[in-house]
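User: I would like to go through this model step by step, with the reasoning behind each answer set out.

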Amino acid sequence: MTIWLTNTATRKKEEFAPLDPNNVRMYVCGPTVYDRAHIGNARPVIVFDVLFRLLRHTYGADHVTYVRNFTDVDDKINARAAESGRSISDITAETTAWYLEDMAAIGALEPTHMPRATAYIAEMVAMIEDLIAKGHAYEAEGHVLFAVDSWKEGYGKLSGRSVDDMIAGARVEVAPYKRNPMDFVMWKPSSDDLPGWDSPWGRGRPGWHIECSAMAYDLLGDQFDIHGGGNDLMFPHHENEIAQSKCAGHGFARYWLHNEMLQVEGKKMSKSLGNFFTVRDLLDRGVPGEVIRFVFLSTHYRKPMDWTEKKRNDAEKTLRKWRDIANSAEPGGEVYASVIEFVSDDLNTGKALNELVHAGKDILSRQAQDVTQSEINDFAASARFLGLLEDNANMGAWVFDGIVDELAAKSLLEPFAYRMAELRETAMQTKDFSQVDAMKTALTDAGVEVRMSKAGVELLPKPIESIKTVYARANQTRDDLDEMNYWLDLAENMQAGKIVCLENRDDKLAAIKRQFLS
C-alpha cells in the first residue's frame, strides 16, 4: 500500500518513496534529559511511533532504522546540577531512565538507536572542522559559529521565513564576536566547573544544533528518508541542522514531518495557569498509559491537540469495551485494510480509530455465537497495529486494577476460612460464639460473604460497595444505551461471582489477619 506523508519542506502531501526499501531510515529529535517529560513532549513520541510501526509493517521490521537521540549536554542540565547539588551524570542517567519508563507506559516501541550526544563529541568536532575548512564556519573568542551568510540560498526554506523575519522573530543572542546576528554557535568554551572536551578551539562543549547533524550522519549516512519532530523545532533547530549538514556536503533528510502542539482544556499548557503536568503526573493520578495514547491518536498529528478530561473518560470507556472483546483474542489476526489505509494517508490515526470504534460496536451488538474467532483476532490485531490492546503490564494491567478473578479471591481467603472453621468448632463446644460473630462481621465489612454449614465454612467475595458504584455509573450514562448496558452487564457478572472487586480489600483483610490469625 502506498504511504503518503505531508512534507514540511515542500508543503505538499507526497508519496513516500524510500531511498532503499531494504534500509528505510528515520531520525526524530529526542529529549534534553534534565527533568520529567511533560505531556506535550509525548506527542511526537506517539506520532513517530505510529510511523515507525507503519514502516515496519510495510517494509519489514528488519528493514527500518529509527534513531531518536538524547541530549545529555546542555545548559539546562548544567543549571539543574548547580541548583540541586547533584552531579550531571546522575541527573542525566536518572532522567533518561524516567523518559524510557514513561514512554514505554504510553506504548512507544524503543527506537533502533538511542544515541547520547556525549558519545559523539569526536564526530561533532570533525564536522565543525570540515565546515570551517569549507568557509561555512569561523572561530571567534573560543566559539565556533556557523556563518548563515555562507548559505543564503537555503536558510529559511523549511520554515518559510526570510532571514529578516527570522531575526525579528527569534531570540538572537547579541554577541560582539558574531559576524551576523543569525550566526549560531556550534562550539563554545567551558569553564572548569562545566562539562568540557578538548578541541582545536580549546576546552569546550558542543552547541545544540550540531549534535543531531553529527549523530544522524554517523548512524543513518549521508542521506536518509525522514526527519521528524514538533513544529516548535522547525526554527531554529531544524533550519540549523539543514544548514550545517547541507554545507558539509550531506544530502540529509528527504521528508520532513512536524506535529502540532498540545493544549489542555482549550488553553496553552503553562505552569502559571496550573495546567502543566508531566506524563508521570497523569500515570500517578491513575490515568492509564493506554488511555493517554488513545486520546493523542484521536487528533491528526498536524492539528493542535486538546487534552480534556472528557476525552480521557471517553477513551477509558471505549478501551474497556475493546478489551472485553480482545480478552479472547488469539495470536495472529489480520489488520483491517481500512486501518492501514488511513494510517498510510499521512498518519490519519483519528479515522483509523473510528474504524475500530464501529467494528467494536458491531461485535458487541451481536450475539456471542454470531461472532467468529477470526473477527476477534482481526479486531485485536488492528488495535495493536496502533499500539493499543497490547498484552503487557505497561498497557493492559490497568483494566484489572481492583478487580480479581474468583479463583484468586478464593485462594486469598482460604487461611481466613480455615481459621473461622477452627473458631466455629471451639464455639460449638463452649457455646461462646462472640469470636465467630466478630470475625464474620469483619469479613462482611471487607466485602466477603460468609457461608457456614455442616460441611464447614466457605468464604466468597461479595463486592457490595463496588456493585453499587457500578450501578451508579450505569445510571449516569443512561443517555448512552451501549454504555449503560456495559455497566449493567458488569454488575450482573460481579453479582454472579464471575468478576469480583473488594473495596479496600488488602487493608481490611490485613487487619482481620492481625486480629484473628496472629
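**Fold, cores and cavities**

The protein chain of this predicted model contains 19 helices and 15 strands.

User: What percentage of the residues in the protein chain is buried?
Analyst: A residue counts as buried when its relative accessible area is under 20%. Applied to the 518 residues of the protein chain, this cut-off gives a buried share of 50%.

User: Among contacts between residues at least 6 apart in sequence, what percentage joins residues at least 24 apart?
Analyst: Contact here means heavy atoms within 4.5 Å. Once the pairs in the protein chain are restricted to residues at least 6 apart in sequence, the share that joins residues at least 24 apart is 75%.

User: Which residues have the most contacts inside the largest nonpolar core, and which element gives the largest share of this core?
Analyst: The largest nonpolar core has 73 residues, and those with the most contacts inside it are I39, L51, W307 and L347. The largest share of this core amounts to 11 residues, and the element that provides them is α1.

User: How many residues does the other core have?
Analyst: Another core lies apart from the largest one, and Y27, V148, M182 and L233 are among its members. The number of residues in this other core is 41.

User: Which residues does I39 touch, not counting residues up to four places away in sequence?
Analyst: I39 is one of the residues with the most contacts inside the largest nonpolar core. With residues up to four places away in sequence set aside, the residues that I39 touches are L262, V264, M269, F277, T278, V279, L282, F296 and W307.

User: Which residues line the largest cavity, and which element gives the most to its lining?
Analyst: The structure holds two cavities of 30 Å³ or more, and about 80 Å³ of space lies in the largest. The lining of the largest cavity is formed by R43, I46, V47, V50, F296, L297, T299, Y301, L347 and T349. Two or more residues of this lining come from each of α1 (39-59) and α9 (289-297). With four residues, the element that gives the most is α1.

User: How do the residues of the lining of the largest cavity divide by class, and how many are charged?
Analyst: Sorting the residues of this lining by class gives seven nonpolar and two polar. The remaining class, charged, has one.

User: Which helix gives the largest share of the lining of the second largest cavity?
Analyst: The second largest cavity, with a volume of about 50 Å³, is lined by R68, L100, M103, A104, A108, L109 and E110. By class this lining has five nonpolar, no polar and two charged residues. Its largest share, three residues, comes from the helix at residues 88-105, namely α3.

User: Why is α9 described as largely enclosed by the rest of the structure, and which of its residues are buried?
Analyst: Nine of the nine residues of α9 are buried, so this helix is largely enclosed by the rest of the structure. The buried residues of α9 are G289, E290, V291, I292, R293, F294, V295, F296 and L297.

User: What covers the buried residues of α13?
Analyst: Helix α13 (residues 373-385) has 13 residues and reaches 18 Å from its first C-alpha to its last, close to the 18 Å expected at 1.5 Å a residue. Within α13, the buried residues are I376, N377, F379, A380, A381, S382, A383 and F385. What covers these buried residues includes α1, α10 (309-326), α11 (337-344) and α12 (349-365).

User: Which residue takes a positive phi just after α13, and what is the angle?
Analyst: Helix α13 spans residues 373-385. Just after this helix, G387 takes a positive phi of about 85°.

User: Is H237 buried or exposed, and which residues is it in contact with?
Analyst: H237 lies in helix α7 (residues 234-247), and at 1% relative accessibility H237 counts as buried. Leaving aside neighbours within four places in sequence, the residues in contact with H237 are C29, W208, H209 and C212.

User: What distance separates the C-alpha atoms of P415 and K513?
Analyst: P415 is found in helix α15 (residues 406-430), where its relative accessibility of 40% makes it count as partly exposed. Although P415 and K513 are 98 residues apart along the chain, their C-alpha atoms are separated by 9.0 Å.

Note on methods: Residues numbered from 1 in each chain as written. Predicted model: local features only at pLDDT ≥ 70, side-chain atom pairs only at ≥ 80, totals over all residues. Heavy atoms only, no water. 1 Å grid on protein atoms, 1.4 Å probe; cavity = no way out; pocket = protein on both sides within 12 Å on 5 of 7 lines; lining within 4 Å. Points joined across faces, edges and corners; volume = space filled by probe spheres on them. Nonpolar A, V, L, I, M, F, W, Y, C, P; charged D, E, K, R; others polar. Expected span 1.5 Å × (residues − 1). Buried < 20%, exposed > 50% of the residue type's maximum accessible area, 1.4 Å probe, protein only. Core = buried A, V, L, I, M, F, W, Y, C linked by side-chain atoms within 4.5 Å.
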